[in-house]
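This report looks at a few local features of one protein model, taking a helix and its two ends before turning to backbone angles and surface charge.

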Amino acid sequence: MFSSIEKDIKSSEIRKKFLDFFQSKQHSIYASAPITLKDDPTLLFTNAGMNQFKNYFLGYELPTIPRVANTQKCLRVSGKHNDLEEVGVDHYHHTMFEMLGNWSFGNYPIHDQHDIQPYFKQEAIAWSWELLTKIYLLHTDRLFVTVFEGNEGEKLPKDSESFDEWKKWVPNEQHILYGGKKDNFWEMGDTGPCGPCTEIHVDLRSDQDRKKIPAQQLVNTGHPEVIEIWNNVFIQYNRKANGVLEPLPNKHVDTGMGLERLTRILQNKKSNYDTDLFEPLIRATEQICKVSYQGSNSKQDIAFRVIADHIRAIFYCIADGQLPSNVGAGYVVRRILRRAVRYYFQYLNRKESLLTHLVASMKQTVKASYYQEGHLNKNVANAPIVGNFKLLLLPQVKMQQKLDSNHTNAFDTMDLKQLDQLGDFVAKVIHEEEEAFLQTLDRGLKRLDDLMNLSIQTKKINGAQSFELFDTYGFPLDLTKLVAHEQGFDIDELGFEQAMREQKNRGKKDAALVAEDWQVVYQNKTNGRFVGYDTLSKETQVIQYRKLHAKNGDSFHIVLAETPFYAESGGQIGDTGTLFFDDEQVTVLDTKKENNLTIHYIDKLPQKLDVPCLAQVDKLQRRQTTFHHSATHLLQAALKHVLGDHVAQKGSLVTANQLRFDFTHFAKLTPEELKKVEILVNQKIQDNIPVSIQLLPKDDAIKMGATALFGEKYGDTVRVVTIDSKFSIELCGGTHVQETGHLGAFAITSETAIASGVRRITAVCGVAYQHYMREKAQLLDEVTQLFKNPANLLKTVKDIIETNSHFQNQIESYQAKELEQQKTELLTKKTESIGGYSFTGSYIPPNILSNPDQLKHLSYQIQASQKSDFNILVTNINGKAQVAIAISDALQKSKNIDANKIIKEKVASLIGGRGGGQKNLATAGGADMTKDELEEVIKVVKNKFPEIIESK
């Protein structure tokens, strides 16, 4: 046993004991931030508990309280913190994990208002030991701690202070070890806050193994049973871009302990995957796949662990609003999902969807951890809000529900119903992704078969080919190796790695962006305060700037003391405009938010940075963008009214030209539904409803029924935008009109699907509506003139379509007869014997075949029916020369010739085109050619046939 605590303790109890302990130490309990990030361009996902407090460390925000504890959903699959390849192979790394943390935020003046004070090394170390040994009852002889040994090269001193603090608590001083910079010095990135850290490790080996080798020799060596469980980081330096470390005026404590590892220890398990966090998912996989999990390191058991880990990451990411896609964070989610599919496809012999069916187990796991008698555990529900709602692990479970004003607690009703709705949505998204990738896997296997046929002589697939399978079809190298080895083929692994490196280097070169340190021009306490709700111009001052180096040239970021420029947020694009410095003008190309700073993007610096400047927003762009933002609120409310309360925002883009709104709905909107939505929005515009904007306490806003957006971070005071209290109330920081009548009119321009269960509407209003309607009117006028101004345009168009359809059917019938006649002639055509092999070559008159696939099919039929060894067909389809070559299996095997090679090397150039295909059937297309020219192609190939069959 590693601990004296009750052996059947649940993970939910372990989590609760952590939060209760730090609450007793005067910490405020904060909710988990969403696992997906919106306003931090340096990260795709929350990868550490400190992410939501990053602005405090950087000095961009002042913390309102000095002590915080939380449990944070994290994802580590890319960048510096990337555990993906270890997941499932070992028993303690994960993609998604839950980080338990406690925090102390510096000696800020605001803390003078509190009786509670910040703390540093002394308290952090003492409480760590108390929690582990007095609350969790871990055996002290199994615990080892490490402290920073210093680094002379960077002039970093040894952390003797932490060492001395640990001596007060650790019974055996030999259990206190010094560690190097790699393990005991924490850095946020290449620049920024950093400091020494002290880690706590636990020895989980048997007593027999512990006697053989002291744990001190195994700490931080990667031993699977001597593992780190807690890290206390003492942030006391700031690293600048030139590498120089400077002391921070305010020191912070940042700790993190993985719930998964801690649960394994306290439940006395040999693997994280044997705990109640993963075990239900593994059991469900066993039942579905009819395969048993043994807990070994076999490929099959690794697959079980990979799937259990990955479905948790996929579930939480999609639930937090990040759908799989081809770019950014969406690509990471898709990559994790496809990795899981490959593992069950490859090692569990599951050829149909699996992850979809595991969503039910995920919902049960959530219910078991967070719900009591159908409602959220009160300790969870009463936690202070940092995200949208009072949830520690699932701030998204409530979807975007409007709350009954009679209820004081956001989680008194509908919790399980909303969780089930969310689970259904996640399952549908996963199912669509699984089905699509399973088809891709099938195509990839066919491509691999083609590659093996091309490499039949060498029995080796080269690096570029195996990388193509990885890059295009998602095949990992081990899957390619597995299939190839079964057929007696080898893989050029060095060539694969080289191709991988070349792609990464190209990506780095294209995306390289190096930011220099901020240069302070003017100290100002307002730190970029936004004043653009009330004015579009402002006398202000540059307070800091930095230079950026990129492949396409240098650019600059500047921060103003006060700014009227709206920074991109909540779907609304950032403002553009002009900065006036004395006689010099600088164009603002974009405005974005980074770590709570409003960043103005400019391509050149003014000559004089230290003079006052006039910041002027582009009025026309802001005005039309504002119109579209208010229209987005009306659209969302109208969709809920017409389709139902299940409609929830999944994304938006508000520009001067149009609005784009993504929302949950599982069917294409009918013309009638679209018409109802459009009419309802226009009715609200015509009613000229005043748009009310209030600053309210967050709880008051939620009680009045305000809709919040998942993934957005809301403070204690929120901005509430109301357009008719019975129609639309939303939390929103964007810009809006004063009355809806300003929007003029509204039109939906498109409605499409973008993912399973997610639809997208684009629409216009204001000036953009006028442009749209003018374009429609102009198009209608052009069509009317084209048809000679008929009295009934619609009837005329329908008549022409019907007539065209009739003639098309006649043409296809004629072509079918011609094709059958041509096929009969070809089948009766005698073959020639050349070099002991039969050869046929035929010209087909133009446009009897409608596409190259018909030529390919016909060529295969002729070759099979005539039993000819070599058959070449030539024709002209829609003004392009087409050639098909079919080769018998007997000729292919006896002479090892390849139709694909012949088409590419000997035929394509004859018709001025290109082609390819399989070993026994290949085609080429080229320029327009006459009958004589095409028949000449047959002659050339026929003359080369003896050479072809004798070539090696």
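## Helix α14 and its ends

In this predicted model, helix α14, which covers residues 463–473, has as its buried residues G463, Q465, S466, F467, L469 and Y473. At the start of α14, the backbone nitrogen of A464 lies within 3.1 Å of a side-chain oxygen that belongs to N462. Just after α14, the backbone at G474 takes a positive phi of about 75°.

## Positive phi outside glycine

K155, although it is not a glycine, has a positive phi of about 55°. This lysine is found in the loop that runs between β6 (143–148) and α4 (160–167), and K155 counts as exposed because its relative accessible area is 77%, where the cut-off for exposed is over 50%.

N268 is likewise not a glycine and has a positive phi of about 55°; its place is the loop between α7 (259–266) and α8 (279–289). With a relative accessibility of 30%, N268 counts as partly exposed, since that class lies between the limits of 20% for buried and 50% for exposed.

## A negative surface patch

D928, D932, E933 and E936 together form a negative patch on the surface. One of these residues, E936, is found in helix α25, which covers residues 931–950. The relative accessibility of E936 is 41%, so this glutamate counts as partly exposed, and patches are made of residues with over 30% relative accessible area and no salt bridge.

Terms used. Residues numbered from 1 in each chain as written. Predicted model: local features only at pLDDT ≥ 70, side-chain atom pairs only at ≥ 80, totals over all residues. Heavy atoms only, no water. Patch = residues over 30% accessible without salt bridge, like charges linked within 9 Å, V, L, I, M, F, W, Y side chains within 5 Å. Areas by Shrake-Rupley, 256 points an atom, 1.4 Å probe, with all protein chains shown as cover. Salt bridge = Lys/Arg side-chain N within 4 Å of Asp/Glu carboxyl O. Lys, Arg positive; Asp, Glu negative; His and termini not counted. Charge placed at Lys NZ, Arg CZ, Asp CG, Glu CD. Helix = DSSP H or I, 4+ residues; strand = E, 2+ residues; numbered from the N terminus. Buried < 20%, exposed > 50% of the residue type's maximum accessible area, 1.4 Å probe, protein only. Polar contact = N/O pair within 3.5 Å; in protein donor to acceptor, adjacent residues only side chain to side chain.
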